[in-house]
Amino acid sequence: MKVISRRDGTVAVLAVANPPVNALSIRAGVIDALRTAVDAAIEDGDVAAIVIAGEGRMFSAGADIADFDSPPATLDRFRDLLLRIEHSPKPVVMAIHAVALGGALELALSGHYRIATEDSRLGLPEVTLGVLPGGGGTQRLPRLAGFARAIPMMVGGGPVSAREALEIGLVDAVVDGDPVAGALAFIAGRSPLPPRPTGALPVPPGGAEAVAAARARLKPGALNQAPAKIVDCAEQVFTTDFASGLAFEAAGFSTLAATEGSKGLRHAFFGERKVAQIPGLPRETAPLPIDRVGIVGGGLMGTGIAIAMLNAGLPVTLVEPRAEGRDKAAAKIAVTIGRDAEKGRISRQEADRRITLLTITDAMDAVADADLVIEAVFEEMTVKEGVVRALDRIAKPGAILASNTSMLDLDVIAGFTGRPDHVVGLHFFSPANIMKLLEIVRGRETAPVALATALALARRIGKTGVIAGNCDGFIGNRMFEEYLRQAYFLAEEGALPQQIDAALEAWGMAMGPYRTLDLAGQDVAWSVRKRRAVDQPDRPYSCFLDRLCEQGRFGQKTGAGVYLYADGRTAEIDPEMETLLLAHSAEKGIARRPIGDREIVERCLFAMINEGARIVAEGMAYRPVDADIVYLKGYGFPAERGGPMHYADRIGLPVLLDALRTLSTRRNGWAFEPAPLIVDLAARGDSFETLNG
Ligand code: HSC
């Protein structure tokens, strides 16, 4: 039963019951069930008023995102329901608790009155999915809350609290406890309660100014076309009548739902949730409890990881042998958490509470009672070996031992312990307290419950955990290496670093490869290149950046890398780079040629996708979407493109395959030798999506 109907005196109480989030689904029959219940209540002579609520955890998370691609006539069933509620001759009161987002808030807006519990969040996040509020939200919200509040809510997508909603007239009362009891009391206290259709409210003033201000803030050429369309819809409120505004909005919704941007953002939404599923492991498998964390190594990484844990309220014991290192780590942690208090993100008391959760010591034994111990010591196997062997002796039975390695073999590390099933890799990205991605590395013997525990921990500390197999570079850096290799080749063949960066940034990457390298430290990539020269002599790199590194130009931290950083932050083009590149190309006998932006984007991305396909085929990523999420969360890949593997699907694998084959005939073409998985999928007419399960 998708809607539970009951009577309380003369009030019909209708509760949406579609766990886990009460999505207002057309395909699952929720909309039809609600329509039937509303019709019955309106027609029932004994019913004087109607309350609509949500059963369980929340009012509702909105329309079912999986319905978006249905034909407009199907989507209209949702809109017809809202009009039916709005025009009900009996008053309809919405009883909101916890969450009323998107279509759920639009459902609430179609009611005549709204009651919300203190803990409620109300918002129109459609823009984050590349669409607009398509259930009348763009026409009803400005009428109720005014343009100055409504437009930022729709363009920004962020929710408001129940209290804010009350202030702006979005809800009529905020209650403690049971929302239905609150709605019933609201009705009882205001008898008779007249129906009050939102669509019939007078248009408030200030529309033209608010629309002009919002238009001025739009980013030209943005991949997400929803903000501009939302502003157009808001304009309709004061330039046309309600019915025409609704029709304009409905057409805009379908146009946006068909854009690449919306498809990419929806793929990202579902993907982010899919990566939390471990194939073969029942979803209800309970993770192991983590109540205390030990971290060994108080350097940059260890300190960042400690801050991430403390911010989630987890007690941390940080072990650092050097007194100077301990002082530095303590200061860094206090300053970082203190800054959150200064900026008003948390209260001073909360900051103090978090800092008291920290113990810093030089004694490794202090982690004996931790449920999880993370080693974040120097990236050198012999150093890791000593620490991990000691930890295996010290840590209590059943505790998880994690390595923060970004490049060493996890199976070798697990072999230093008597509990390889409880060893995982936790590859944090720097700064570890900020970056959203956590690659969770699965060793040969890692138990699924240890992975489930790491995933739960990631969520608890506000990160997206993605499980990666134990291969060099895991998912992210292994694909990034191929992307960088092309960026290097393109530079020695004729493009300048600033052109390569600009082309990829215009395509949507948050930062081009050269600016990324300058930020991360050119020395890091240099050490990888040196390692590769020994490991993989048959897969050459361009070595022009090595010359830069030999001069100590390691990027932002040294004031110069590929770019110059006079103020320590802003990248300025260094004319010397062109001189260096011309000399390098001449020395290598490469005739430089003009290179277009399209070639830059294709070569960098196709090389990355090709490696992604190998990673999937080897089982190093469970599914292609796992590689997508790594890129969206950790590498500044544009969410509207849905991640590299999704982007490949959008181009079409046969087209990608043709391009790979052509590129494989050119200079250094070995890097484009098509991955067998792409060949197979293209031959079968399949896509990466078919492997996502
Ligand atoms: C919208 O409402 C469009 C409207 O303007 C109407 C347009 C007009 C006509 C349209 C008709 C179509 N749909 O996040 P969790 C799943 S756009 C489908 O882990 P939490 C989720 O995939 C919508 N599924 O839970 C997951 O599935 P799994 C605007 C949805 O407690 C499961 O529910 N609303 C779904 O951490 C649990 O989700 C939003 O953008 C949905 N709307 O967080 C809100 N929402 O178990 C999106 C969730 O199989 N949702 N699922 O992996 C959220 O932000 C979060 O889910 C909550 C709960 C904060 C609600």
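Reader: What makes the Arg57 side chain and the ligand a polar contact?

Author: The distance does. A polar contact is a pair of N or O atoms within 3.5 Å (inside the protein, one atom must also be able to donate a hydrogen and the other to accept it, and neighbours in sequence count only if both atoms are in side chains). A polar side-chain atom of Arg57 sits 2.9 Å from a ligand oxygen, so the pair falls inside that limit. Bear in mind that this is a predicted model, where local features need pLDDT of at least 70 and side-chain atom pairs need 80 or more, while totals for chains, interfaces and linings use all residues. Numbering runs from 1 along each chain as its sequence is written, and side-chain values use heavy atoms, with hydrogens and water left out.

Reader: Which part of Gly103 reaches a ligand oxygen, backbone or side chain, and which part of Arg273 does?

Author: For Gly103 it's a backbone N or O atom, 2.7 Å from an oxygen of the ligand. For Arg273 it's an N or O atom of the side chain, also with a distance of 2.7 Å to a ligand oxygen. As for cover, the protein takes up 83% of the 1,100 Å² of accessible area that the ligand has on its own. Those areas come from the Shrake-Rupley method with a 1.4 Å probe (for residues, only the protein chains shown count as cover).

Reader: How do you know which residues belong around the ligand, and how many are there?

Author: A residue is in if one of its heavy atoms lies within 4 Å of the molecule. That gives 33 residues, with Gly103, Glu106, Glu126, Arg273 and Arg459 as the closest. Helices H2 (72-86), H3 (103-110) and H11 (260-274) each bring at least two residues to this shell. By the way, helices are DSSP runs of H or I with at least four residues, and strands are runs of E with at least two, numbered from the N terminus.

Reader: What are the polar and charged counts in that shell?

Author: There are six polar and ten charged residues, next to 17 nonpolar ones. Asp, Glu, Lys and Arg count as charged; Ala, Val, Leu, Ile, Met, Phe, Trp, Tyr, Cys and Pro count as nonpolar; the others, Gly among them, are polar.

Reader: What makes a set of residues a nonpolar core, and how many residues does the largest one have?

Author: The members must be buried Ala, Val, Leu, Ile, Met, Phe, Trp, Tyr or Cys, joined through side-chain atoms within 4.5 Å. The largest has 92 residues, and those with the most contacts inside it include Tyr488, Phe544 and Phe688. Helix H24 (597-617) contributes the most, eleven residues. Domain 2 (293-470) and domain 3 (477-691) each supply at least three residues to this core. Those bounds come from an automatic or database domain assignment, which also gives domain 1 (3-258). The centres of domain 1 and domain 2, over C-alpha atoms, are 43 Å apart. In soluble globular proteins, nonpolar side chains tend to be buried together.

Reader: Why is Asn22 called buried or exposed?

Author: Buried means under 20% relative accessible area, exposed means over 50%, and partly exposed is in between (1.4 Å probe, protein chains only). Asn22 has 2%, so it is buried. Its phi is positive, about 55°, although Asn22 is not a glycine. Asn22 is in the loop between S2 and H1, and Pro20 is in the loop between strand S2 (11-16) and helix H1 (30-43). The Pro19 to Pro20 peptide bond is cis, with omega near 5°.

Reader: How do you know which class Leu166 falls in?

Author: Leu166 has 31% relative accessibility, so it counts as partly exposed. Leu166 is in helix H6 (162-167).

Reader: And what about Arg623: why is it classed as it is?

Author: At 7%, Arg623 is under the limit and therefore buried. It lies in the loop between H24 and helix H25 (624-634). A polar atom of the Arg623 side chain is 3.4 Å from the backbone oxygen of Lys274, so that pair also makes the cut for a polar contact.

Reader: Where is Phe428, and is it buried or exposed?

Author: Phe428 is in strand S15 (423-428). Its relative accessibility is 1%, so Phe428 counts as buried. The C-alpha atoms of Phe428 and Gly302 are 9.7 Å apart, with 126 residues separating them along the chain.
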